[in-house]
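Dear colleague,

Please find below the structure that I am passing on to you. I should be grateful if you would read the notes beneath it with the coordinates open.

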Amino acid sequence: MDAIYSFLANYVNVLLWDYFLTYGLLFAGLFFSFRFGFPQVTRMWEAFKQVFGKLFKKDATQEGSMSSFQALATAVAAQVGTGNVAGVATAILGGGPGAIFWMWVSAFLGMGTIFNEAILAQVYRVRDRNKGDLVGGPAFYLSKGVGSNALAKFFSVSIIVALGFIGNMVQSNSIASAVTTAFAVPEWVTGFLVALAAILIFAGGMKRIASFAELVVPIMALVYIVASLVILFLFRENIVPAFEMIFVGAFTPQAAIGGIAGASVRAAIQKGVARGLFSNEAGMGSTPHAHAVAHVDHPVQQGLAAMVGVFIDTVVVCSATALIILVTESYLDPALKGAQVTQAAFSIAFGGGGSVLLAICLTFFAFTTIVGWYYFGESNIKYLFGTKGVLPYQILVAIFIFLGALQEVDIVWMLADTFNALMVIPNLFGLFYLSNQVKGILEDYDRCKLEGRIFYDYDVK
């Protein structure tokens, strides 16, 4: 087991993440941004209107689909997770405050990639033959658009293992650790309760998942953001110095500062880009499963909504974590790592209740990610096995959730990174291969707007 761990850590994941995917995903984001006229700049206001313009109106939907906002909420449920708390702290410790600037850069470019993903997911969606629910994602545009069943199956297996099984073990472990620390509840009790709650949501199918995401995700994000704003107000004299550290550190090597090791510019770029991409999942092929089932008049509308998801995850939530760590100087304790750094920031600001508040936030972040990742895996179970594979998949996911809460196993975390990387490879190939088609769909959208109508001729079978 130690040999497998060492091989994955020192060779496979270093090659995949530190080199191929970090720079590959950056290049993809840059390419798609140019290809589609930088929609994250030219169409961002329209994107916000698409998401928030109907916030207090009943969003249109149809049988077997989600509303555009529900689909976005399901995507954000998966995007906003433990990485927004622990991963940001790790990026700062490993790459210095300058890593946050490069995290923003990766989010900016990632919007171009996720815009592409969501549009293709809309175009190549189908209805399952049993319930008639819409289903879609990379496996469908790889098989129907690219014409490669082999790539589609490779992607499906990778994401089921990466997110449905191993990824949800990691999230469950994060919940158990936070709850045990804050409330002294045994890990097995937490694992059982989380698995039970999850299976009750899974059993309700798309409708229950959509309703859960639509209700919980906005509240979850709002509580965390408000708490972060309070901390920033309490330490407002440190806000300007924090931004100075971020911008200076992005381009200048830094000496060791407290808990932050001496960080090179290369380390800042690598850690920041990796954290941004892993958090917002742009290019990974996960969130298209949610965007595929949104009921919109034109695929581009959901592409616009998808960009807002990246903005919320990285520019808002990840930035909130980064700033409270820097203004409270919680990074100065060299004994702390990961989520402990963020927890220390909350404790510095709010006293003993701070760690409890963060534990609650972390629990909701991780649980909503479990629900989102389950749904992404279910879409691929349907692609591989049809609806008959859904019940066994639900049972297996619940078992993995329970087991994940019992103990942290380093090999599990390492395998999660490996399979996350593997699922990106076929997805990126599909995105590049079909980018000309997306360009044509974007031109159709602009033409429809000029004619005073928004309509796309879907062929959903």
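The notes that follow cover the aromatic pairs, the salt bridges, one helix and three individual residues.

Please bear in mind that this is a predicted model.

Aromatic pairs

The count of aromatic pairs comes to 27. One of them joins F101 and W102, whose ring centres are 5.0 Å apart and whose planes stand at 90°, an edge-to-face arrangement. F101 and W102 are both buried.

The pair of F165 and F400 is stacked, because the planes of the two rings are at 20°, and planes under 30 degrees apart count as stacked. The centres of these two rings are 4.8 Å apart. This pair connects distant parts of the chain: F165 belongs to helix α8 (residues 149–183) and F400 to helix α17 (residues 390–406), with their positions 235 residues apart in sequence. As for accessibility, F165 has a relative value of 14% and therefore counts as buried, the limit being under 20%. F400, with a relative accessible area of 24%, is partly exposed.

A cluster is also present, in which ring pairs link F27, F31, F32, F36, F115 and F432. Elsewhere, a charge is placed over a ring: the charged end of R236 sits over the ring of F233, at 4.3 Å from the ring centre.

Salt bridges

How many salt bridges does a search of the whole structure find? The search gives 6. Side chains of opposite charge can pair when their charged atoms come close.

E46 and K449 form one such bridge, with a distance of 3.3 Å from N to O. Here too the partners come from distant parts of the chain, since E46 is in helix α3 (residues 44–52) and K449 is in helix α19 (residues 435–450), 403 residues apart. K449 is partly exposed, at a relative accessible area of 38%.

E378 and K382 form a salt bridge in which the closest N and O atoms are 3.7 Å apart. Both residues lie in helix α16 (residues 352–385), and the 4 residues that separate them amount to about one turn of the helix. Are these two residues buried or exposed? E378 counts as buried, because its relative accessibility is 5%. K382 is likewise buried, with a relative accessible area of 15%.

A further salt bridge brings together the side chains of E451 and R453, at 3.0 Å from N to O. Both ends of this bridge are partly exposed: E451 has a relative accessible area of 48%, and R453 has a relative accessibility of 40%. By contrast with a separate pair, D128, E378 and K382 are joined into one network by salt bridges that share partners.

Helix α16

The helix that carries E378 and K382 can also be checked for its length. At 1.5 Å a residue, the 34 residues of α16 should span 50 Å, and the end C-alpha atoms are 49 Å apart, so the expected and modelled values agree. Helix α16 is mostly covered, with 25 of its 34 residues buried. Just after this helix, G386 adopts a positive phi of about 80°.

S355 is another residue of helix α16. The side chain of S355 reaches the backbone oxygen of G352 at a distance of 3.2 Å. Leaving aside residues up to four places away in sequence, S355 touches Q343 and S347.

Q40 and V438

Q40 is located in helix α2 (residues 39–42). Q40 is buried, its relative accessible area being 5%. A polar atom of the Q40 side chain lies 2.7 Å from the backbone oxygen of F108. Apart from residues up to four places away in sequence, the contacts of Q40 are S33, F108, L109, M111, G112 and M307.

V438 is found in helix α19, the helix that also holds K449. V438 has a relative accessible area of 0% and is therefore buried. Residues up to four places away in sequence aside, V438 touches F36, N116, I119 and L120; among these, F36 is also a member of the aromatic cluster described above. The C-alpha atoms of V438 and S264 are separated by 38 Å, and the two residues are 174 apart along the chain.

Yours sincerely

Technical notes. Residues are numbered from 1 along each chain as its sequence is written. This is a predicted model: local features need pLDDT of at least 70, side-chain atom pairs count only at pLDDT 80 or more; totals for chains, interfaces and linings use all residues. Side-chain values use heavy atoms; hydrogens and water are left out. Rings of Phe, Tyr and Trp (its six-membered ring) pair if their centres lie within 6.5 Å; planes under 30 degrees apart count as stacked, over 60 as edge-to-face and the rest as tilted. Buried means under 20% relative accessible area, exposed over 50%, partly exposed in between (1.4 Å probe, protein chains only). Helices (H or I, at least four residues) and strands (E, at least two) are DSSP runs, numbered from the N terminus. A charge sits over a ring if NZ of Lys or CZ of Arg is within 6 Å of the ring centre and within 35 degrees of the ring normal. A polar contact is a pair of N or O atoms within 3.5 Å; within protein, one must be able to donate a hydrogen and the other to accept it, and residues adjacent in sequence count only if both atoms are side-chain atoms. Contact means heavy atoms within 4.5 Å. A salt bridge is a side-chain nitrogen of Lys or Arg within 4 Å of a carboxyl oxygen of Asp or Glu. The expected span of a helix is 1.5 Å times one less than its number of residues.
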